[in-house]
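Let's walk through this protein together, starting from a single residue and working outwards. Have the model open beside you as you read.

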Amino acid sequence: MVQILIRGSVDGSSAPEWLLLELQGEMVSRHNSGLAGNVMGDLLYTKEGVPVLIVGHHILYGKQVKLEKPFAVLTKHSCHSQVSLNSHDNVSSRDDVMQVPMETNQQGPTATSYSVSAVIKRKLIFKTRPKPIITNVPKKV
């Protein structure tokens with residue numbers, strides 16, 4: 001059995017809260033290069049608090065809902081046998097660290113810990129089809 005450390009924030013503050021986006025359909029980049037690191041669109045809110053997503057020349061209206069069970073975004077940290085789990089005691093003596101035993105198939109003495117990067121408690125649902133944005137269409141002459 002291997003002990004895996006799950007840490008809260010290093011400075012004692014709470015993790016930032018992220019939002020989960022749920023879209024109907026498929027998002028494809030124009031150049032087939034993937035969406036990671038690229039801007040997908042603009043997320044705005046109306047005065048009434050309705051989320052509005054503008055992607056290119058299309059607009060989507062959505063709603064915000066609270067998740068039944070929140071998600072934690074974890075970042076994996078692993079180090080080799082020189083650093084054992086006992087060397088983390090100076091950091092793990094605070095209340096925001098939880099040690100969870102977990103069985104893994106890893107071979108060799110390595111220490112693995114996870115830190116909580118963010119917490120997801122709410123999601124934005126865009127379930128309607130996108131509407132085209134049309135502005136100032138000239139009349140036939």
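A good place to begin is L19, which lies in strand β2; strands here are DSSP E runs of at least two residues and helices are H or I runs of at least four, numbered from the N terminus. This is a predicted model, in which local features need pLDDT of at least 70 and side-chain atom pairs count only at pLDDT 80 or more, while totals for chains, interfaces and linings use all residues. Residues are numbered from 1 along each chain as its sequence is written, and side-chain values use heavy atoms, leaving out hydrogens and water.

Is L19 buried or exposed? L19 counts as partly exposed because its relative accessibility is 32%; buried means under 20% relative accessible area, exposed means over 50%, and partly exposed is in between (1.4 Å probe, protein chains only). L19 joins L21, L43 and Y45 in a nonpolar patch on the surface, and together they have about 330 Å² of accessible area. Such patches are made of residues with over 30% relative accessible area and no salt bridge (a side-chain nitrogen of Lys or Arg within 4 Å of a carboxyl oxygen of Asp or Glu). Their nonpolar side chains (Val, Leu, Ile, Met, Phe, Trp, Tyr) are joined within 5 Å, whereas like charges are joined within 9 Å. Areas come from the Shrake-Rupley method with a 1.4 Å probe, and for residues only the protein chains shown count as cover. Both β2 (17-23) and β3 supply at least two residues of the patch.

From β3 we can step into a sheet. It is open, has 4 strands in the order β3-β4-β5-β9, and pairs in the antiparallel sense; two strands pair if DSSP finds at least two bridges between them. β3 (42-45) and β9 (131-132) are the edge strands, each pairing on one side only. Between β4 and β5 (residues 58-61) there are 4 antiparallel bridges, and V55 has H58 of β5 as its bridge partner.

V55 also belongs to the largest nonpolar core, whose 5 residues include L53, L60, L124 and F126 as well. Two or more of these residues come from each of β4 (51-55) and β8 (111-126). A nonpolar core is a set of buried Ala, Val, Leu, Ile, Met, Phe, Trp, Tyr and Cys residues joined through side-chain atoms within 4.5 Å. Beyond its neighbours within four places in sequence, L60 has contacts (heavy atoms within 4.5 Å) that include P51, V52, T128 and P130.

Stepping back, the protein has 1 helix and 9 strands, and buried residues make up 19% of its 141 residues.
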